[in-house]
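Hi everyone, thanks for making time this morning. I'd like to walk you through a structure that is probably new to most of you, so please have a look at it with me.

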Amino acid sequence: MGDDLFELQLPSLAEHLATARSFAAAVARHYDVAGEAVEDLKIAISEACVEALVAGSGIRVRAEDVGRAVTFEVDAPEAPQTPEQEALDELGAPARLELIRSLFADATIEKDHGRRAIRFSLPID
């Protein structure tokens, strides 16, 4: 354990959210994660992908086995936004992050080198 890395690249289109959820669920099931935790993961991935949809073009979903957890990361390049988009984002981003944090306490959002990422960990046995 500790060597697995899974990655999925998607266009920034809402119709691909189901693919991102299925990908994350498949990774969790690979590690025999219980059904309720998989459902929580799918909600968190959906919210993180919505965040990425707001941020830019192209979504990357990564999952990495870090020993006793799988760390998930959803990121996208940042794109210029109109003032209206920025206002909506300022309202929506904190709510999305709080929802993810209610499911995964270590959730973070970071902006770095023109990318915007949400990261959180799913404990595994």
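Let me begin with a term we need: a salt bridge here is a side-chain nitrogen of Lys or Arg within 4 Å of a carboxyl oxygen of Asp or Glu. Please also keep in mind that what you see is a predicted model.

With that term in hand, here is the group I'd like to talk about: Arg60, Glu73, Asp75, Glu110, Arg115 and Arg119 are linked in a network of salt bridges. In the whole structure there are eight salt bridges.

Before we get to the details, a quick tour. The protein chain has three helices and five strands, and starting at the N terminus the order of these elements is β-α-α-β-β-α-β-β. The chain has 125 residues, and 39% of them count as buried. Its accessible surface comes to about 6,700 Å², with 54% of that belonging to carbon and sulfur atoms. If we take the contacts with a separation of 6 or more, 64% of them are between residues 24 or more positions apart.

Now for the strands. Strands β3 and β5 run antiparallel and are joined by nine bridges. To give you one place to look, Val70 has Leu122 in β5 as its bridge partner. On to strand β4, residues 108–112, which pairs with β5, also in the antiparallel sense, over five bridges. Here you can look for Asp112, whose bridge partner in β5 is Arg115. Together β4 and β5 make a hairpin with two residues between them, and His113 in the turn has a positive phi of about 50°.

Let's go back to the network and pick out Asp75. Where is Asp75 found? The residue sits in strand β3, which covers residues 69–77. Is Asp75 buried or exposed? Asp75 is buried, because its relative accessible area is 3%, and the cut-off for buried is under 20%.

Which side chains make polar contacts with Asp75? One is Arg60, at 2.7 Å, and another is Arg115, at 3.0 Å. Leaving aside residues up to four places away in sequence, Asp75 touches several others, including Ala52, Gly58, Ile59 and Ala117.

The pair of Asp75 and Arg115 also meets in a salt bridge, 3.0 Å from N to O. Since Asp75 lies in strand β3 and Arg115 in strand β5 (residues 115–123), this pair ties together parts that are 40 residues apart in sequence. The two ends of this bridge are worth a look: Asp75 is buried at 3%, whereas Arg115 is partly exposed, with a relative accessible area of 28%.

Another link in the network is the salt bridge in which the side chains of Glu110 and Arg119 meet, at 2.5 Å from N to O. Glu110 is partly exposed at 36% relative accessible area, and Arg119 is partly exposed at 26%.

One last salt bridge to find on your screen: Arg101 forms one with Glu98, and their closest N and O atoms are 3.3 Å apart. Both residues lie in helix α3, residues 83–103, where they are three residues apart, about one turn of the helix. Arg101 counts as partly exposed at 33% relative accessibility, and so does Glu98 at 47%.

That's my tour; thanks for listening!

Key:
Residues numbered from 1 in each chain as written. Predicted model: local features only at pLDDT ≥ 70, side-chain atom pairs only at ≥ 80, totals over all residues. Heavy atoms only, no water. Helix = DSSP H or I, 4+ residues; strand = E, 2+ residues; numbered from the N terminus. Buried < 20%, exposed > 50% of the residue type's maximum accessible area, 1.4 Å probe, protein only. Polar contact = N/O pair within 3.5 Å; in protein donor to acceptor, adjacent residues only side chain to side chain. Contact = heavy atoms within 4.5 Å. Areas by Shrake-Rupley, 256 points an atom, 1.4 Å probe, with all protein chains shown as cover. Pairing = 2+ DSSP bridges.
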